[in-house]
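Dear colleague,

Please find below the structure I would like to hand over to you. My findings follow directly after it.

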Amino acid sequence: MAGGAASGGSAASDTYAKARHWLLMPSWVVLGFFVFAPVCVMVIYSFLTKEFRGGVIWEPTLAAYDQFFFDRGLFGDSDPTLQWTYISIFWRSIWQAGLATILSLLIGFPTAYYIATRPAKTRALWVFLITIPYWVNLLIRTVSMKFLLRDEGPLNDFLLNIGLINDPLHIINTNLAVQLGLFYSYLPFMVLPIYASVERYNFTMSEAAADLYATKFTTLRRILLPAVKPGVIAGCILVFVPSLGAFLAPDLLGGAKNFMIGSLIEEQFKGNAGNWPFGAAASMILLSMVMIILLIFSSQQRRAGADQ
Amino acid sequence: MSAKTDVKTYAGFRLITILCVVILYAPLVVVTVYSFNASESITNWGGVSLRWYVDIFTGPESAKFQQAAINSFSIAIIAATLATGIATAAATAIVRGGKYRLRTPSLGLISLPIMVPEIVLAVATLIFFNSIGFTRGYMTILVAHTAFCIPFAYLPIQARMQGIEDTYEHAAMDLYATKAQAFRRILLPLMMPGIISGFLLAFIVSLDDFIITNFVKGAGIETLPTAIFGSVKQGLKPNIMAISTMLLGLSVVMVTISYFVSKSDNTK
C-alpha cells in the first residue's frame with residue numbers, strides 16, 4: 001500500500017520509448033479524471049457553505065473546519081471554545097487503530113518470523129495460507145466475525161461447553177470487538193512485510209551473537225529487531241492507516257457507542273440530513289493525517305536505504 | 001549443527017503461528033458450517049441441509065440477490081477488463097519506456113487509489129459525480145471501479161514485465177518484426193501470467209468493494225456487498241451465510257488460480 005507501486009524498478013529498457021505517452025494516456029485520463037480531480041473537488045467542497053438538503057452553496061467559508069474544532073454555542077454567537085465531540089471521535093479512532101496495530105504486531109511478528117524460518121517449500125504454502133483470507137470479501141469477514149462473537153454465538157457456546165466461563169462474554173458492541181475486527185481485517189498486511197525482511201536477514205549475525213554468549217532474548221532484541229525494523233514499520237503502517245478510516249468493523253461490530261471517523265464521515269452523506277462540506281472537511285483531515293504518516297515513513301525508508 | 005538451527009527457533013512462535021491461522025480461518029469456517037444448517041435459527045444446529053442455498057435462488061429475497069449478483073459480476077468483469085488493459089499499457093510505458101520526467105508522477109498517480117483511504121476516495125467520487133451532474137447508478141459504479149482497480153491490476157503486470165529481459169523483443173526486431181508485432185507476438189504472451197493475475201485481483205477487488213459502491217450507487221441499484229450489508233443491518237439471517245459461503249468459495253478459487261498462474265514461468 002505505502003509506495004507499493006511507487007518503485008517501478010530500475011530497468012531502463014526503452015523498446016517502447018516512442019509510444020510511452022500514448023501508452024500512459026488511458027491511465028492518466030481515467031485516474032486523473034476519476035481519482036485526482038475528485039480529491040481536488042473534495043478540497044473545494046470542504047470550504048463551501050452547506051445547503052440544508054444535502055448539497056452545497058458556492059460561497060467560500062471556513063464553517064466546516066470551524067464546526068469541527070470549535071463550539072460557538074447554540075446560536076453561533078458565543079466565544080469559541082474547543083469542541084471535543086469530533087476531536088474525540090478522531091482520538092478514539094487513533095486509539096482503536098493503534099491497539100489493533102499492536103495486537104496485529106504481537107501475533108503477526110512471531111508468525112512472520114516462524115514462516116520465514118521454514119524450509120523454502122513449506123514457506124510458500126504458509127504465505128499462501130496467510131494471504132487467502134485477505135482476498136475474501138471484507139464485508140463477509142466482518143459479518144463472520146460478528147456471527148462468531150455474538151452473545152449466543154459459536155465462540156461463547158464453545159467456551160461455555162468446555163466450562164471456561166459460566167456466563168456468555170459480551171464482546172459484540174464493545175471496543176474490544178472493534179479492535180478484534182480491525183485486527184482480523186488487516187493482519188495479513190502485518191505478516192507479509194515482516195516476513196519479507198526476516199527472509200532477507202542473515203542468520204549468521206544471530207549465530208555470532210550466540211557465540212558471544214548473548215541470550216536468545218538479547219539476540220532477538222539487539223540484533224534481529226534492528227535488522228528487520230523497516231519491515232516492522234511497514235507492517236504497522238499498513239495496518240494502522242486502513243484501520244484509521246475503517247467503516248465496516250466499527251459499524252457492524254462496535255455499535256452506536258463506538259463511533260469512528262469512517263462512520264462520522266459516512267453519516268454526513270446519508271440521505272438528506274447530512275452536511276456535505278463538513279463530511280468533506282472531516283475527510284480532508286483524515287487524508288492529511290494519512291499523508292503525513294506516509295511522508296514520514298517514506299523519508300525514513302529513504303534514509304534507511306541511504307545508510308546501507 | 002543442532003546448535004546452529006537453534007538460534008533461529010523461539011519457543012512459542014510456532015504456537016502463535018498456529019493461533020494466527022486459527023484466528024484467520026475460524027470465522028470463515030464457522031460461517032461455512034452454519035450455512036448448511038437446516039434450522040430456521042442461526043443459533044441452534046438442526047442438521048445438515050441445503051435449504052438456505054435453495055432459498056437464495058427461489059426464496060422471497062431471490063430476485064433482489066439475483067439482480068445484485070448480475071450487477072456485481074457484470075461490473076467486476078467490465079471494470080477488471082478495462083483496468084487490466086489500461087494497466088498493461090501503463091506498465092509497458094513505465095518498464096519499457098526508458099527514463100523520462102513523467103515516469104515518477106505517473107507511478108504516483110497509479111498508486112493514488114491505494115494510498116488514499118477508501119472512505120475518502122468514496123466521498124471524493126460522490127462529490128465529483130454530484131458536482132458534474134452525473135446521475136448516480138450503474139455507470140457511476142462502473143467508472144469508479146475501473147479507476148480504483150487499476151493499481152491492483154498494475155502491480156502484478158509490472159512485476160512480471162520487469163522479470164522479462166528485453167533481448168526477446170530485440171531478437172524479434174532483428175528478424176524484421178515491427179515494434180507492434182514484437183509486442184503482440186513476443187512480449188504479450190510472456191506477460192500473460194502477470195496479466196491474468198492482475199485481472200483476477202482487479203476482479204476480486206471490484207467484486208468485494210463495499211464502501212465506494214455504497215457511496216456512488218444511488219438509490220434503487222444494489223451490488224452483492226451492498227445487498228448483503230442492507231440485509232445484515234436488519235439482523236443476521238441464515239440465507240446470508242449461504243451467500244457469503246458462495247462468495248467466499250469464489251474468492252478462494254480465484255486467488256488460488258492467480259497464485260498458480262503467477263508462479264508458472266513460461267520464459268523457459
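How many residue pairs are in polar contact across the interface of chain A and chain B? In this predicted model, the rule finds 19 such pairs, with both residues of each pair at pLDDT 80 or more. On the side of chain A that touches chain B, helix α1 (residues 20–45) of chain A contributes the most, with 20 residues. By residue class, that side of chain A comprises 65 nonpolar, 19 polar and 9 charged residues.

The search for salt bridges across the interface of chain A and chain B returned 1. A:D251 and B:K233 form a salt bridge through their side chains, with an N to O distance of 2.7 Å.

As to the extent of the interface, 93 residues of chain A are in contact with 100 residues of chain B. The two chains bury about 9200 Å² between them, and 77% of this area lies on carbon and sulfur atoms.

Regarding confidence, the predictor assigns the complex an ipTM of 0.87 and a pTM of 0.87. The average pLDDT of chain B is 88, and 96% of its residues score at least 70. Residues 1–5 of chain B, however, have a pLDDT below 50. Beyond near neighbours in sequence, this stretch of chain B has 1 contact in the model. Where pLDDT is low, predicted coordinates should not be read in detail.

With kind regards

How values were computed
Residues numbered from 1 in each chain as written. Chains lettered and ligands numbered in written order. Heavy atoms only, no water. Contact = heavy atoms within 4.5 Å. Buried area = accessible area lost by both parts, 1.4 Å probe. Salt bridge = Lys/Arg side-chain N within 4 Å of Asp/Glu carboxyl O. Polar contact = N/O pair within 3.5 Å; in protein donor to acceptor, adjacent residues only side chain to side chain. Helix = DSSP H or I, 4+ residues; strand = E, 2+ residues; numbered from the N terminus. Nonpolar A, V, L, I, M, F, W, Y, C, P; charged D, E, K, R; others polar. pLDDT = per-residue confidence, 0-100.
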